[in-house]
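Hi,

Here is the structure I said I would pass on. Have a look at it first, and then read my notes underneath.

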Amino acid sequence: MTLDVETPLGQARAHLTEPAGAPTGTLVLGHGAGGGVESADLVAVSAEAAGAGWRVIRVEQPWRVAGKRIAPAPPRLDEGWSAVLERLRGDGLLTGRLVLGGRSAGARVACRTAAQQGASGVLALAFPLHPPGKPEKSRAPELTAVPVPLVVVQGETDAFGAPSDVAAALSGQAGASVYAVPGDHSLKKNVDIVAAAALSWLDEL
């Protein structure tokens, strides 16, 4: 099921995957800057989580729905995302425990908006800790500002930050954990392992 949502940035689209019974919680996922909601890791995590009783909503940002190739600046991404969540909340679709997440740029959006949206946790797939080859341009503050349980599922050869780099950035953060999985930033190599890691954390949550 898909739901078109008007936002200040244009039309966004929510892709809903419902569990077999009443949802135990709601997982909302955003996509990256280089791909959409059909990326292999998002699809695998959605299927696994729905099978475990979660309502899963993949949010397609307005720039992507409009067919544009370049994502807008982070504040605009947050604005579109927040407008979609407001609509979903108004429609009674954010039932149970709310977990925000996404891959890459979508994970950054989830981290930045978790507190404002009252999330119970954040699931970050392939968090882009820094641009490739530029570790000095760290985005660690976005991770460390998350006030709720956080998990980062990171590819062992991710050019945007290795799992050990992410773990170092989260050192001392209560409730934060890192799962290292085979593969690079795309997380395409073993999506079943990515989905299993995400579900293991959701079960603990």
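Below is what I found, going from the whole chain down to a single residue.

One thing to keep in mind from the start: this is a predicted model.

**The whole chain**

The protein chain has seven helices and eight strands. Lay a box along the principal axes and the C-alpha atoms fill roughly 40 × 35 × 30 Å. Does that fit a compact globule or not, and what radius of gyration would one have? For 205 residues the figure would be near 17 Å, and the protein chain comes out at 15 Å, so the two agree.

Buried residues account for 51% of the 205. On the outside, the chain exposes about 8500 Å², with carbon and sulfur atoms supplying 52% of that area. As for how the chain meets itself, take the contacts between residues at least 6 apart in sequence: 69% of them join residues at least 24 apart.

**The start of the chain**

Strand β1 covers residues 2–7, and its side chains alternate. L3, V5 and T7 point to one face and are buried, while T2, D4 and E6 point to the other face and are not buried. β1 pairs with strand β2 (residues 10–17) in the antiparallel sense, over six bridges. Together β1 and β2 make a hairpin, with two residues between them. T7, one of the buried residues of β1, stands opposite G10 in β2.

**Helix α7**

Helix α7 runs over residues 191–204, which is 14 residues. From its first C-alpha to its last it reaches 20 Å, close to the 20 Å expected at 1.5 Å a residue. Which of its residues are buried? They are V194, A195, A197, A198, L199, W201 and L202. It may help to recall that an α-helix has 3.6 residues a turn, so residues three or four places apart point the same way. Try looking along α7 with that list of buried residues in hand.

**T113 in helix α4**

Finally, a single residue to zoom in on. T113 is part of helix α4, which spans residues 105–117. Is T113 buried or exposed? Its relative accessibility is 1%, and buried means under 20%, so T113 counts as buried. What does T113 touch, apart from its neighbours within four places in sequence? The contacts are D78, W81, S82 and L100. With W81 there is also a polar contact, made side chain to side chain at 3.0 Å.

Happy browsing!

Terms used. Residues numbered from 1 in each chain as written. Predicted model: local features only at pLDDT ≥ 70, side-chain atom pairs only at ≥ 80, totals over all residues. Heavy atoms only, no water. Helix = DSSP H or I, 4+ residues; strand = E, 2+ residues; numbered from the N terminus. Buried < 20%, exposed > 50% of the residue type's maximum accessible area, 1.4 Å probe, protein only. Polar contact = N/O pair within 3.5 Å; in protein donor to acceptor, adjacent residues only side chain to side chain. Contact = heavy atoms within 4.5 Å. Expected span 1.5 Å × (residues − 1). Rg over C-alpha atoms; globule rule 2.2 N^0.38 Å. Areas by Shrake-Rupley, 256 points an atom, 1.4 Å probe, with all protein chains shown as cover. Pairing = 2+ DSSP bridges.
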